[in-house]
Amino acid sequence: MSTQTTIDNVTLSVPEAYDLVPPAPYDTPGTATFLRTTPGAICHLELAPVSPADALPFDDVTAIVSEIHGHIDDDQGLINADTGTTAAGLPFAYSIVRTNLDHGCMRYGLKLHLKTDRGVVGVRGGFDTEGVSSYRDSLVLSKLQKRPDVWFSDPFDASFPLGSVMNHSELPQYDADFPDHPLTLLRAFVRDIVAEN
């Protein structure tokens, strides 16, 4: 099941676990805001029109990665970037970047663009840890018989030295063990958006 929302004459389906919330006074007109809270995560999404000139390249993952690498901050790490088409044939592109916040918390930021015949719609999301944020890292490490040769590595360039690069526990293969972790929820959201639109 999903919730239908219309952004600039484009109707999209949003997974039903995300609640539509009233717009804030500072929201750009035409923006739709969704919220989901769980014991392990706070998920905030904004859907809004995007100028075609500002859209992510829908057929060039390398360009998306290069742009992120060129502007990465010391407290950030690239988790993923990809392009493709939705179930209904809409081109999409997205990136996930982790930002280390104060007090050991983390935010997984989503930037996703969908290209429709009526324009581009963007989804900007913040999937934040709630409670102890390092439990995924610690539990994955404790389950491994030995520490991987490389615990920290950028997913697109193992030699990339800047920022706070992705760690082994953030790989998708561990999502099933942490269903309430914000990164797991973010990846599921992307899958649902692609499947339902």
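A residue counts as buried here when its relative accessible area is under 20%, as exposed when over 50%, and as partly exposed in between, using a 1.4 Å probe and protein chains only. The model is a predicted one, so local features need pLDDT of at least 70 and side-chain atom pairs count only at pLDDT 80 or more, while totals for chains, interfaces and linings use all residues. Numbering starts from 1 along each chain as its sequence is written, and side-chain values rest on heavy atoms, with hydrogens and water left out.

By that yardstick, Phe127 is buried, at a relative accessible area of 0%. Tyr18 is buried too, at 2%.

Now for the rings. Searching the whole structure turns up four aromatic pairs (rings of Phe, Tyr and Trp, the last by its six-membered ring, with centres within 6.5 Å; planes under 30 degrees apart are stacked, over 60 edge-to-face, the rest tilted). Among them, Tyr18 and Phe127 meet edge-to-face, 6.4 Å centre to centre with 65 degrees between the planes. Tyr18 sits in the loop between β2 (10–15) and β3 (19–21) and Phe127 in strand β9 (residues 119–129), so this pair ties together parts 109 residues apart in sequence (strands are DSSP runs of E, at least two residues; helices are runs of H or I, at least four; both are numbered from the N terminus).

Phe127 also pairs with Phe189: the ring centres are 6.3 Å apart and the planes at 50 degrees, so the pair is tilted. Phe189 belongs to helix α3 (residues 182–196), 62 residues away from Phe127. Ring pairs thus link Tyr18, Phe127 and Phe189 into a cluster.
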